[in-house]
Amino acid sequence: MSFDHEWAELKNNAQMSLNSASLVEGDADLIIRDDDMGKIGHAAFLLHRHLLSAGTHAQSDMEAAAKSLKSDGFATGGALAKAARAWQDQMEVLADSCGHISNHLDYSVKSANENDDFIATQIKASKVSEYLDVSPPDSGKPHIPKPGGPIM
């Protein structure tokens, strides 16, 4: 079996698995758990924090080796310098990506909580309207309980 054929089969199987997956907790569209999001965001933050320092600890040694090889006339000196620059660039991209993940998860949790609070407030306000005669403020009528409704 060729690689392309096997890859297409694997992608098709994965797509069918995703299409047949059922949602948990009452077919909710989106479930955000603060604990889960917090763990992922914290891991991304730690990775971001340690990536640049751990990923660049050999940077000065590589640059010194590249300079020494180049001055001795070895073509590998230039190649090593180019690899060191590429490595540094990729480390920065990866660290930035981890920072974006961490920040986005923090924002997503905060935003979801704010949306939930807003929706809860709107639902509570609509419940109040069911029990009170909400007259326009300029009508001069007081807010009184509707007949049959509970007095709050």
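Reader: What makes G78 partly exposed, as opposed to buried or exposed?

Author: In this predicted model, G78 has a relative accessible area of 28%. Buried means under 20% and exposed means over 50%, with partly exposed in between, so a value of 28% places G78 in the partly exposed class. The residue belongs to helix 4, and its C-alpha atom is separated by 9.9 Å from that of E63, 15 residues apart from G78 along the chain.

Reader: Why is S102, in helix 4, called buried?

Author: The relative accessibility of S102 is 6%, and because the class of buried residues takes values under 20%, S102 counts as buried. S102 is found in helix 4, which covers residues 75-131.

Reader: Which residues does S102 touch, once those up to four places away in sequence are not counted?

Author: S102 touches G41, A44 and F45, where a contact requires heavy atoms within 4.5 Å.

Reader: How do you know that D35 is exposed, and where does D35 lie?

Author: D35 has 59% relative accessibility, and since exposed means over 50%, D35 counts as exposed. Its place is in helix 2, residues 34-55. Between the C-alpha atoms of D35 and V109, which are 74 residues apart along the chain, the separation is 9.8 Å.

Reader: What makes the pair of F3 and W7 stacked?

Author: A search of the whole structure finds 1 aromatic pair. The ring centres of F3 and W7 are 6.2 Å apart, and their planes stand at 10°. Rings pair if their centres lie within 6.5 Å, and planes under 30 degrees apart count as stacked, so both values satisfy the criteria and the pair is stacked.

Reader: Where do F3 and W7 lie relative to each other in the helix?

Author: Both are in helix 1, residues 3-20, and they are 4 residues apart, about one turn of the helix. An α-helix has 3.6 residues a turn, so residues three or four places apart point the same way.

Reader: Why are F3 and W7 placed in the classes they have, exposed or partly exposed?

Author: The relative accessible area of F3 is 60%, and because exposed means over 50%, F3 is exposed. W7 has a relative accessible area of 46%, which lies between the cut-offs of 20% and 50%, so W7 is partly exposed. Together with L10, these two residues make a nonpolar surface patch of about 370 Å².

Reader: How do you know that the length of helix 3 is close to what is expected?

Author: Helix 3, residues 59-71, has 13 residues and reaches 18 Å from its first C-alpha to its last, and this is close to the 18 Å expected at 1.5 Å a residue. After helix 3 comes G73, whose phi is positive, near 90°.

Reader: What pattern does the protein chain follow, and how many helices and strands does the chain have?

Author: The protein chain has 4 helices and 0 strands, and read along the sequence it follows the pattern α-α-α-α. Of its 152 residues, 14% count as buried. The accessible surface of the chain comes to about 12000 Å², and 60% of that surface belongs to carbon and sulfur atoms. Among contacts in the chain with a separation of 6 or more, 51% are accounted for by residues 24 or more positions apart.

Key:
Residues are numbered from 1 along each chain as its sequence is written. This is a predicted model: local features need pLDDT of at least 70, side-chain atom pairs count only at pLDDT 80 or more; totals for chains, interfaces and linings use all residues. Side-chain values use heavy atoms; hydrogens and water are left out. Helices (H or I, at least four residues) and strands (E, at least two) are DSSP runs, numbered from the N terminus. Buried means under 20% relative accessible area, exposed over 50%, partly exposed in between (1.4 Å probe, protein chains only). Accessible areas come from the Shrake-Rupley method with a 1.4 Å probe; for residues, only the protein chains shown count as cover. Rings of Phe, Tyr and Trp (its six-membered ring) pair if their centres lie within 6.5 Å; planes under 30 degrees apart count as stacked, over 60 as edge-to-face and the rest as tilted. The expected span of a helix is 1.5 Å times one less than its number of residues. Patches are made of residues with over 30% relative accessible area and no salt bridge: like charges are joined within 9 Å, nonpolar side chains (Val, Leu, Ile, Met, Phe, Trp, Tyr) within 5 Å. A salt bridge is a side-chain nitrogen of Lys or Arg within 4 Å of a carboxyl oxygen of Asp or Glu.
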